[in-house]
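Trainee: I have a new model open on my screen and would like to learn how to read it feature by feature. Could you walk me through it?

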Amino acid sequence: MKETLHIYTRVSTRVQDDEGTSLTTQKELGITKSKDLKMKHKVWNEGAASSHHEDLLNRPVLANLLLDIEQGNIKHLFVFNNDRLSRNEDTQFVIKSALRKNDVVLYTKDGQFDLNNPQDKLFKSLLDSVAEYDNALRAERSRLGKLNKVRQGFWYGAPPPYGYEILEGKLKPHPVESKWVKKMFGWFYDGKSITEIKSQLDQNGVIARRGGLFNTGSINVLLQNTHHIGHYTWTDKKSGETITCSCPAIVDETVWNEVQRRREQIYARKGQNNRTKRFYLLRNLMFCGECGSQMSGRIHDARNEKVYFCPQKTRNWKNGAIPKDQKWKRGKVGNHGCDMTRSLNIPITDRFVWDLVMDTVSNSSTLKEGFKDEVLKSKFSGDAENARELKNLKTKSNRLKKDLQQIQSSIATNETNKLLQEYDEEIYAGIKTNLDEKLKSKKDEVEQTRLRIKELGNQKRWLDWVGKYADKVGAMDDFSNEDKKEYLEGILERVDVVLDKETNDHHLDLTFSMGLVDDGIEYTDPKNKSAGYEVIEGAKDASIVIPYAETQNRHKDARRKGRQDQSAIDLKKNGDVTYGNTKCDEGPTTYHRSPSVRDGRIRLF
């Protein structure tokens, strides 16, 4: 019975597989070899399978071939050349061991190898090493080629983000998707929630890139995407080098910055354990001075509980970071928990902060009614100046991005010339040093420009706030809760809370958005005030102390009121009032004094 020559064929890329020539050539050469050896033949066709990062899991035909070899069913194997089997060192070892152990003779277009023959074994090992080196070299060239293309502004190959398409290898705004991106940012900027944005998209039948309607998660990710303001980063996994790339902007940078600010404020509470729809005047502004966490709020009507508290320990409980036997230990446990062991009464805290802000505003020379016209006049001129500088900065930013891309393109050219050996090492090093310095300088300029644009956006928000509220100082007590909240979040940056562990008093440090604390005016000529004046900026910080005694008194009053309310309910249900052990008819003017519960009876006092 004739022996069988097993022919293994593989190509490295899908392109070669589609063309078919390499696979056909390998098969024909194998059949010719079988005829020369007067053997039958069997073809094992792997098709296209890359040798880069390979193992037997992504080479199923080779895996089955090796299984037949281990079972002693194959004694003669043909491959086009040595690297058809593998260029990977670990995989080569597995294959060579199987061939040698089972006395398989390996044939290639250049000859044959008996791996039990020391000379053939050595020659095969040399060929394996050359193949592995060649594979590594080609992979490195491919990596550097991709790196250089990215430096020149070409897209790195993944699907483009929503809002863009690929034209001539680079990102360009998609004519339809880019309009919806602008709308999404505009809606969020105007105060719509992500759920409301999704509803708008659904009503208009907008389809996400993956197909189907948008979900809230994909909208949230899209709103964080820096591509939409004209830049993104790409990191080479091997070298760790990060490249800043430019692309056409879809969204105005000031809009994008405001969207990020609002997102941060909303999602600061994403991980809290008890989500709530209750109204809290100060919760978005308050931070624990002990651990830095944003303060949480809890309102429980049945227990008459209304408190701001540090949620850090509660979160540690939830995450299992604190051992069960120490969960109820007050304060910090190891590296977990927080020393803010006492909560703040919400009504007291809100009143203290609101009163301090009102006192500061009413005494502020900048915001006093007498200077309202001057402040508003400053606001309008500030808006115009702000808009002019913003326009100039955006023009500068676009120019810097082009400069950055040109430098990165020059770096790519320098690397290419080195690979082609057109530069010697000294010339290459000199050019590289020069370009790296220019790149760093230009990146610094770009970053400074972005920071200034962000700062101008914050200034605009403050100017808008002044324009809305500067003439309403006297009417603030009539504000709704939501108006008060908006007012405070405009005039304050944050409120830091620290607990005095000796007195149990809470110390609150308020940071204003502008220097309004103890500001003043300085007249050009004190004797002739019509000659003009200058507003002297004050401090941005102010502090208050909420005494523990006041909190305790408030708790006692709340408990007393709760007992009184319950007693009144009981009286209404029973239709009578008990004084001592005597029943009295209840009428509209039965008593005028407050009832109090004691020993299960109603006492009048």
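Mentor: Happy to. This is a predicted model, and we can begin with helix α11 (residues 346-362), which lies across β10, β14, β15 and β18 and runs at about 145° to β18.

Trainee: Which other helix packs on that sheet, and which strands does it touch?

Mentor: That is helix α14 (residues 481-491), which touches β14 and β15. The direction of α14 makes about 90° with that of β14.

Trainee: Now the sheet itself. In what order do the strands come, and how are they paired?

Mentor: The order is β10-β14-β15-β18, forming an open sheet of 4 strands with mixed pairing. Each of β10 and β18 (541-546) has a single partner strand, so one side of each is left without a neighbour in the sheet. Averaged over the sheet and ignoring direction, neighbouring strands are turned by 25° against each other.

Trainee: Where does the mixed pairing show up in the individual strand pairs?

Mentor: Compare two pairs. Strand β10 (residues 286-288) runs parallel to strand β14 (residues 492-499), joined by 3 bridges; here Cys-288 has Val-497 of β14 as its bridge partner. By contrast, β14 and strand β15 (residues 506-512) run antiparallel, with 7 bridges between them. Within that pair, Leu-492 is partnered by Phe-512 of β15, and Asp-496 by Asp-509.

Trainee: How many residues lie between the strands of the hairpin of β14 and β15?

Mentor: There are 6, and among the residues of this hairpin Asn-504 takes a positive phi near 65°.

Trainee: Why would I pay attention to a positive phi?

Mentor: Most residues other than glycine have a negative phi. Two further cases are worth a look here. Lys-38 is not a glycine, yet its phi is positive, about 55°. Lys-38 sits in the loop between α2 (21-36) and β2 (40-48), and its relative accessibility of 65% makes it count as exposed. Asp-103 also has a positive phi, near 55°. Its place is in the loop between α4 (89-101) and β4 (105-108), and with a relative accessible area of 48% Asp-103 is partly exposed.

Trainee: What about glycine: which one follows α3, and what is its phi?

Mentor: Gly-72 follows α3, with a positive phi near 80°.

Trainee: While we are at α3, how do I read which way a helix faces?

Mentor: The general idea is periodicity: an α-helix has 3.6 residues a turn, so residues three or four places apart point the same way. In helix α3 (residues 60-70), the buried residues are Leu-62, Leu-65, Leu-66, Asp-68 and Ile-69. These residues cover an arc of only 155° around the axis, which puts them on the same side of α3.

Trainee: And when two helices meet?

Mentor: Two packed helices are described by the angle between their axes and the distance between the axes. Take helix α6 (residues 177-189) and helix α7 (residues 194-203): they pack at an angle of about 145°, with their axes 10 Å apart. Their crossing is right-handed. On the α6 side, the contact is made by Trp-180, Met-184, Trp-187 and Phe-188, and on the α7 side by Ile-194, Ile-197, Gln-200 and Leu-201. By type, the contact residues divide into 7 nonpolar, 1 polar and no charged.

Trainee: Is Arg-450 buried or exposed?

Mentor: Arg-450 counts as buried, because its relative accessibility is 15% and the cut-off for buried is under 20%. Arg-450 belongs to helix α13 (residues 425-469). Leaving aside residues up to four places away in sequence, Arg-450 touches His-231, Thr-244, Glu-253 and Lys-401. Arg-450 and Glu-253 are 197 residues apart in sequence, but their C-alpha atoms are 8.4 Å apart in space.

Trainee: Where can I practise reading a sheet once more?

Mentor: Try the open sheet of 3 strands, ordered β11-β12-β13 with antiparallel pairing. Its edge strands are β11 (296-300) and β13 (344-345), each pairing on one side only. Strand β12 (residues 305-309) pairs with β13 over 2 bridges, and Val-307 stands opposite Asn-345 of β13.

Trainee: What does the chain look like as a whole?

Mentor: The chain has 15 helices and 22 strands. Of its 605 residues, 39% are buried. Among contacts with a separation of 6 or more, 61% come from residues 24 or more positions apart.

How values were computed
Residues are numbered from 1 along each chain as its sequence is written. This is a predicted model: local features need pLDDT of at least 70, side-chain atom pairs count only at pLDDT 80 or more; totals for chains, interfaces and linings use all residues. Side-chain values use heavy atoms; hydrogens and water are left out. Buried means under 20% relative accessible area, exposed over 50%, partly exposed in between (1.4 Å probe, protein chains only). The arc is that of the directions from the helix axis to the C-beta atoms. Axes are lines fitted to C-alpha atoms, for helices over the stretch in contact, and angles run from 0 to 180 degrees between N-to-C directions. A crossing is left-handed if the near helix is turned anticlockwise from the far one by less than a right angle, and right-handed if clockwise. Contact means heavy atoms within 4.5 Å. Ala, Val, Leu, Ile, Met, Phe, Trp, Tyr, Cys and Pro count as nonpolar, Asp, Glu, Lys and Arg as charged, and the others, Gly among them, as polar. Two strands pair if DSSP finds at least two bridges between them.
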